[in-house]
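Trainee: I have a structure to look at for the first time, and I would like to learn how to read its features one at a time. Could you take me through it?

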Amino acid sequence: MNNRIKVLQLIDSLKTGGAEKIVYDLAVNMDREKYLVSVCSMENTRDSFLACKLEEKGFTIHFPGRKKGFDTKLLRKIHTIIKKEAIDIVHCHV
């Protein structure tokens, strides 16, 4: 179980939409014995329907808190998540 590949699904937000639904479907349908999936929503959409559903299913969701405009600190925040969680694959949906 410890040899699972760690995947971070990176998305703009978890508001209900097409790309967000794809992130949800991928997360819940990936083989949990092979992959440890987490999600990173750049916008704080913590109370969204999809965020709640993912958390109910036991997925870790990161909300680095993108600021309006060009947020120069966002990349560093995402990098910190990748390093801290020892992510193997970043799947971007942005």
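Mentor: What follows is a walk through a predicted model, taking helix packing, nonpolar cores, cysteines, an unusual backbone angle and a few single residues in turn.

Trainee: Let me begin with the helices. How do helix 1 and helix 2 lie with respect to each other, roughly parallel or roughly antiparallel?

Mentor: Two packed helices are described by the angle between their axes and the distance between the axes. Here the axes of helix 1, residues 18–29, and helix 2, residues 49–56, come within 11 Å and cross at roughly 5 degrees. Because angles under 35 degrees count as roughly parallel, helix 1 is roughly parallel to helix 2.

Trainee: Which residues make the contact between helix 1 and helix 2?

Mentor: On the side of helix 1 they are Glu20, Lys21, Tyr24, Ala27 and Val28, while helix 2 brings Leu50, Lys53 and Leu54. Sorted by class, this contact of helix 1 with helix 2 has five nonpolar and three charged residues, with no polar ones.

Trainee: I would next like to find the nonpolar core. How many residues does the largest one have, and which have the most contacts inside it?

Mentor: The largest nonpolar core has 14 residues, and those with the most contacts inside it are Leu14, Val39, Leu54 and Ile61. Strand 1 (5–11), helix 1, strand 2 (35–41) and helix 2 each supply at least two residues of this core. There is also a second, separate core of eight residues, which includes Leu8, Cys40, Leu74 and Ile87.

Trainee: What does Leu14 touch, leaving aside its neighbours within four places in sequence?

Mentor: With those neighbours set aside, Leu14 is in contact with Glu20, Val39, Ser41, Thr45, Ser48, Leu50, Ala51, Leu54 and Ile61.

Trainee: You named a cysteine a moment ago. How many disulfides does the model have?

Mentor: A disulfide is a covalent bond between the sulfur atoms of two cysteines. The rule asks for two cysteine sulfur atoms within 2.5 Å, and by this rule the count is zero. The closest cysteine sulfur to that of Cys40 belongs to Cys92 and is 9.5 Å away, so it is too far for a bond. Cys52 is in no disulfide either, since the nearest cysteine sulfur, that of Cys40, is 17 Å away.

Trainee: Are Cys40 and Cys52 buried or partly exposed?

Mentor: Cys40 counts as buried because its relative accessibility is 0%, whereas Cys52, at 32% relative accessibility, counts as partly exposed.

Trainee: What about the backbone: which phi value does Ala86 have?

Mentor: Most residues other than glycine have a negative phi, and most peptide bonds are trans. Ala86 has a positive phi of about 55 degrees although it is not a glycine. Ala86 is found in the loop between helix 3 (74–85) and strand 4 (89–92), and with a relative accessible area of 41% this residue is partly exposed.

Trainee: Strand 2 came up earlier, so where are Leu36 and Ser41 placed, and how accessible is each of them?

Mentor: Leu36 is in strand 2 and, at 36% relative accessibility, counts as partly exposed. Ser41 is also placed in strand 2, but Ser41 is buried, with a relative accessible area of 0%.

Trainee: What are the contacts of Leu36 and Ser41, leaving aside neighbours within four places in sequence?

Mentor: Leu36 is in contact with Arg4, Ile5, Lys6 and Val7, whereas the contacts of Ser41 are Ile11, Asp12, Ser13, Leu14, His62, Phe63 and Pro64.

Trainee: Lastly, where is Lys15, and how far apart in space are Lys15 and Arg46?

Mentor: Lys15 lies in the loop between strand 1 and helix 1 and counts as partly exposed at 48% relative accessibility. Although Lys15 and Arg46 are 31 residues apart in sequence, their C-alpha atoms are 9.3 Å apart in space.

Note on methods: Residues are numbered from 1 along each chain as its sequence is written. This is a predicted model: local features need pLDDT of at least 70, side-chain atom pairs count only at pLDDT 80 or more; totals for chains, interfaces and linings use all residues. Side-chain values use heavy atoms; hydrogens and water are left out. Buried means under 20% relative accessible area, exposed over 50%, partly exposed in between (1.4 Å probe, protein chains only). Axes are lines fitted to C-alpha atoms, for helices over the stretch in contact, and angles run from 0 to 180 degrees between N-to-C directions. Helices (H or I, at least four residues) and strands (E, at least two) are DSSP runs, numbered from the N terminus. Angles under 35 degrees count as roughly parallel, over 145 as roughly antiparallel, 65 to 115 as roughly perpendicular and the rest as oblique. Contact means heavy atoms within 4.5 Å. Ala, Val, Leu, Ile, Met, Phe, Trp, Tyr, Cys and Pro count as nonpolar, Asp, Glu, Lys and Arg as charged, and the others, Gly among them, as polar. A nonpolar core is a set of buried Ala, Val, Leu, Ile, Met, Phe, Trp, Tyr and Cys residues joined through side-chain atoms within 4.5 Å.
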